[in-house]
Amino acid sequence: MSKKPNGTASSVREKSPKKMENGSIGSAREKSPRKKLINESKYSMETHLIYGRSFTPKWEYSHHVVPPISASATFRLESAQRGALGFLRFAHTINDEEVELKAPIYIYDRLGEPNKEMLEEYLAYAEQGESAVTFASGMGAVSAVLGILTKAGDEIIAHKLLYGCTYELLTYWYPRYQITTKFVDLRNTLNLKKAITPKTRIVYFETPVNPTLELIDIAGVSEIVREENKKRKPNERIYIVVDNTFATPFCQRPLMLGADFVVHSLTKNIGGFGTDMGGAVIGPKWSRDQLLLYRKDFGGVLGTKSAWAILVYGLPTLALRVRQQEKTALEVARYLCSHPKIQYVSYPGLHTFPQYELAKKQMVDYEGNFAPGTLIYFIVKDESPEGRRRKAEKLINYLAKNAYTITLAVSLGNIRTLIEHPGSMTHATIPAEEQLKKGIDPGGIRLSIGLEKVDDIILDLSEGLARI
Ligand SMILES: Cc1ncc(COP(=O)(O)O)c(C=O)c1O
């Protein structure tokens, strides 16, 4: 089922679900006290993030307001035939037109269970994609999507700068399987045109890029790839994979701009509270079976309790949190810009942001308002790179010991403001001499804005900056 903005997919939902085989789980529609299915298309996406779908065949829980936690690693099967049917159906959804309306036959948590599947429905909806599959972490999701799209001999084209573990996956692990990666500056789409070879299978990037927040023009990349794909056989086509972790679907929906797949670390702003790890791949319907098989066999399955927390706390509060964090981020970014000890501030919401026009076009919320995200990258001032590194370290150490509202910790998208030094922490896997070429300055600091009062964050920053 393709999902469109504002829930226009509801026509499918309004169809009657088929009678279930041996229906131990049964039809949610028949048992629900809500007699009529709700026409969701009348409501905004922000409301959908709270309620998900008015009808889900994934679990019958009509007495609860909040979905309960499923705490069972394995599932009761009423007969050998039902067990066999469950195995037969698993990862064979593509030719099954009614699959979205059937109560699944749950077998074993690693294959699927209600909390993950409900979260997957919400995530596909939030990204306006056809299907979502969750994983144990963001890296689980990144490796799964790359895993299903590549084989030995293939090439990936990636932006020159990526999150440290993704970089290591591509430079340390994949060459062992004869999958190679060309790193190019995708801010200039001409570089992409030049880098494509007959072996190219994936164009991979984050936008905004971790940690510098530079942007890649998703529609621009899509146009080039679409033209290239016109000359290719289906099994040789190139797929665009976008890591949308920094923006979240609230600020940017890459599939609507021509990307084929979106990956997320749910550990970040979608989870939002920093309590759970998780990852997701959102993509075309045909990819679901492949991703489910990959997850089953490689084992990186999202824990049920984490799926539940992201489903009931994370997604429903995403819009509220991000909108507030963006307001604060803009004020903090402006404060940093005006500070004499700061050399450079990168925040897509600033007029001085080098790709401001692209930011306004690409980073918009569900109603089209500019949504520049919740992260800031800044560089402390000093003439020498070593001087900047020392000053960044001093500032971070001061804040780690003395700040109330700023915590030294990796990760991002938390209700608490987090600070870190990418060069020595999240991006330490990139050799120091390469870091500068890729745009990570030794004095560069990443700040992930939380929900504290903006004046308090600025107070802590100003006290720290006074010490360097
Ligand atoms: C942009 C980006 N993608 C992927 C990941 C990996 O996510 P996880 O830590 O959930 O595996 C991270 C983690 O920081 C990230 O920043």
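Reader: Where is Y347 found?

Author: Let's place it along the chain, keeping in mind that this is a predicted model. Y347 sits in the loop between β8 (342-346) and α13 (356-362).

Reader: And is Y347 buried or exposed?

Author: For that, look at relative accessible area: under 20% counts as buried. Y347 comes out at 0%, so it is buried.

Reader: Which residues does Y347 touch?

Author: Leaving out residues up to four places away in sequence, Y347 touches L213, E326, A329, L330, A333, F353, P372, G373, L375 and I376. You can also ask about a residue it isn't listed with: the C-alpha atoms of Y347 and P442 are 18 Å apart, with their positions 95 residues apart along the chain.

Reader: Let's try a strand. Where is the place of T181?

Author: T181 belongs to strand β3, which covers residues 180-184. T181 has a relative accessible area of 18%, and because the cut-off for buried is under 20%, it counts as buried. Setting aside residues up to four places away in sequence, T181 touches I156, A158 and L170.

Reader: What does the UniProt annotation say about K268?

Author: A record's label is one thing, and the geometry is another, so read them separately. The UniProt annotation, from an unreviewed entry, is "modified residue: N6-(pyridoxal phosphate)lysine", and it covers K268. Such annotations may be inferred rather than shown by experiment. In the model, K268 lies in the loop between β6 (261-265) and β7 (279-283).

Reader: Is K268 buried or exposed, and what does K268 touch?

Author: K268 is buried, with a relative accessible area of 15%. Beyond residues up to four places away in sequence, K268 touches T245, S411, L412 and G413.

Reader: Now zoom out for me. How many helices and strands does the protein chain have?

Author: The protein chain has 16 helices and twelve strands. To judge how compact the chain is, compare its radius of gyration with the globule rule: the value is 23 Å, close to the 23 Å the rule gives for 468 residues, so the chain is as compact as a globular protein of that length. Along its principal axes, the C-alpha trace spans about 75 × 50 × 35 Å.

Reader: What share of the residues is buried?

Author: Buried residues make up 58% of the 468. For contacts, check how far apart the partners are in sequence: among those between residues at least 6 apart, 74% join residues at least 24 apart.

Reader: How many positive and negative side chains are there?

Author: There are 62 positive and 52 negative side chains, and the centres of the two sets lie 2 Å apart. As for the surface, the accessible area is about 20,100 Å², with 54% belonging to carbon and sulfur atoms.

Technical notes: Residues are numbered from 1 along each chain as its sequence is written. This is a predicted model: local features need pLDDT of at least 70, side-chain atom pairs count only at pLDDT 80 or more; totals for chains, interfaces and linings use all residues. Side-chain values use heavy atoms; hydrogens and water are left out. Helices (H or I, at least four residues) and strands (E, at least two) are DSSP runs, numbered from the N terminus. The radius of gyration is taken over C-alpha atoms; the globule rule is 2.2 Å times the number of residues to the power 0.38. Buried means under 20% relative accessible area, exposed over 50%, partly exposed in between (1.4 Å probe, protein chains only). Contact means heavy atoms within 4.5 Å. Accessible areas come from the Shrake-Rupley method with a 1.4 Å probe; for residues, only the protein chains shown count as cover. Lys and Arg count as positive and Asp and Glu as negative; His and the chain ends are not counted. The place of a charge is taken as NZ of Lys, CZ of Arg, CG of Asp or CD of Glu.
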